[in-house]
Amino acid sequence: MTNPRLHLVLRTSRRIARRTASRTALRAAAIGGLLPAVALGAQVRPARAAAPPANPDVFLVPLSTAGGVVKVGVPANITRREGYDNQPSFSGDSRAVFFTSNRGDGQSDIYRYELSTGLALPARKTVPESEYSAFPTRDNKALTVIRVEADSTQRLWRMPLDAAAPSVMFPDIKPVGYFAQADDSTWALFVLGAPATLQVVHTGRPGGDVVAHNIGRSLHRIPGTARVSYVQMGGATWYVMILDPNTKKIDTLTRALPGSEDMAWIDSTTIVAGQGSKLFSFRRGDSEWKQLADYSFANISSITRLAVSPSGTWLVLVGDLKPRVTVAARTVYVDKIDPKAVMRGVQILAADSMEGRMTGSVGGLRAAQWIAEQYKAAGLTPVGDSGTYWQHIPLQTAPPIPGADPQTAPRAVRPRPVDSWAAWNLIPPAQQLRSANIAGMIRGSDPVLRNEVVLVTAHYDHIGIGRAVDGDSINNGADDDASGNIALIEMAKALRNGPRPKRTIIFMAITGEEVGGFGTRWYIAHPLLPLEKTVVDLNVEMIAHPDSIAGGFGKAWLTGYERSTMGDLLADNGIPLTPDMRLGQRFFERSDNVAFARIGIPAHSISSFNLATPYHIPKDEASTIDADHMAQVISATAKALRLLANGVKPEWHPGGRPEAPAARAPR
Ligand SMILES: [Zn+2]
């Protein structure tokens, strides 16, 4: 019998396949990809040329295990490129994912994706040697890798993450396919052969002890122990086994999922594994596997390798992608946005006279007044209190901290929310404070759809006056988020001048975002149009600078892209939007959209923040922005708004809607 996946694998290692006898190709292929160990041996086929290369990608999945219940979120593709990306593992600090990448020339190297920056760069680039299956050493100073050496020898190597020379670890054990470290000196190795064997080796001791035959490629140390799990193949049923490498004692944990040889440990009692598009967990003592998720909505056809972060908060998995059915692009009216108007707007809203727009401050009030005037000039219908653009919000001054200097303790001046105007009336007048959301609408044209609401939002508050940097203490907030507000104003003008949308659109400048989300909290308690009829919130946050990860000039990314159908819906219609690649930043939870998302409304933020531009410092000024880039992004966002107002409603993907409110970091 031949393995139907075999031909796919061989093509992933073209360089190796070309230069060698097919047996070597098979070894490398077994390391690199999808080939079960049992297929190795006599059934050797030369590579054929025509079929497409395997294109596995690496996906990051939020993970939680509160109260022993395993929960997983939606998978985000962190490799997103043609070609081979596989064999992920986490760095010891859980801030990075190492993976094997083959970038077209047959050369395989270990790359490092950083969760906070979204960048994936080579951990070490070595030519002509290829490396596979990286796993950080226990001191996190090096990677243990399977290295295919210049002469095709395949052994376990230690590859320091600095420039120091790599060293072979067990010179006489070869060819090695996979490994797990049990303790400081003990390793379990998958040694290729017919059949493949599991061998226990000790540093400084020659040779290895064969403890099992016909094993799978998935070897893992069980967290908190010196034992190693592996999958016993060879029969019709495969089993997950537990080996104590020091006593050589072997126990059966459970049956493996049929056809599934990859797994990972969440903790010392729970494993996770994939089968097709589905993810399962098994807890020691249970009688069967439990389904955690079905990722067919993410177009994952087959889940293979998995790893769990040491922090227990992330899962990474390898998935093969099936072709996605894209929706035919609609014809959408294109609004022209003038970069000069954009620049003028940012200059006003981020002027020193706005005093950093702290919620409840005079500068914040001045900014609100200016935005209300712009909404009026754009022809938006007032939708706030008593026929105005204003939705007033009661606040209370923070109690003064005795002896605090506001220059060094700016947080001391933060206001606090008040639940109602009745409660506000009972506050001593000296502590009464108010702020407002500014809201205007375009009433929809369709007799039915006009009852549905599309929200487009941006927070206009910022962090006020703070510590002086180079003699400047005003945090102007040009990018954060004057840029989003100018986007709303320019879109309001454009949409009033173009064809009228079918759904009703509310444009809302939100207050209190930087101090705890007071503006959205008040709006959700006092919606201006029914929340049940609100189909989406498109939030615009920090679009004043291009971001190379999103594609640079004129392009943007969408927070929580994978969570709902919105990202693909917009991208399929030609809007230059990419997923947010900096998942470690949790940007989805760091702006006003998340409050709407938590009550079930599909809600995302468009941004092009690139981490490098001024953020929450006085230097975030109009003089630094790129108005041409902004105008492009606003034009794209206006197109997105028209689609959302006229077309289909976005829906959450399974597990995409965020759960109960959690502590939120201000942005
Ligand atoms: Zn912001």
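Along the chain, the donors of the zinc ion follow the spacing H-x20-D-x60-E. The model is predicted, with local features requiring pLDDT of at least 70 and side-chain atom pairs counted only at pLDDT 80 or more, whereas totals for chains, interfaces and linings use all residues. Residues are numbered from 1 along each chain as its sequence is written, and side-chain values use heavy atoms, with hydrogens and water left out.

The protein donors are His459 (NE2), Asp480 (OD), Glu541 (OE) and Glu541 (OE), at 2.0 to 2.4 Å from the zinc ion; donors are N, O and S atoms within 2.8 Å of the metal (3.2 Å for Na, K and Ca), and sites may look incomplete because water is not among the atoms. The angles among the four donor atoms run from 53 to 153 degrees, and the site is irregular, a class that takes anything not meeting the criteria for tetrahedral (four donors, all angles between 85 and 135 degrees), or for square planar (four) and octahedral (six), where opposite donors are over 155 degrees apart and all others between 65 and 115. His459 lies in strand 30 (residues 453–459) and Glu541 in the loop between strand 34 (534–540) and strand 35 (556–558), so that the pair, 82 residues apart, links distant parts of the chain; strands (E, at least two residues) and helices (H or I, at least four) are DSSP runs numbered from the N terminus.His459 is buried at 0% relative accessibility, and Glu541 is likewise buried, with a relative accessible area of 0% (buried means under 20%, exposed over 50%, partly exposed in between; 1.4 Å probe, protein chains only).

Elsewhere, helix 4 (residues 339–349) packs against helix 11 (residues 627–646) at about 110 degrees, with axes 8 Å apart. Pro339, Val342, Met343 and Val346 of helix 4 meet residues of helix 11 including Met630 and Ile634, contact being heavy atoms within 4.5 Å.

How values were computed. Axes are lines fitted to C-alpha atoms, for helices over the stretch in contact, and angles run from 0 to 180 degrees between N-to-C directions.
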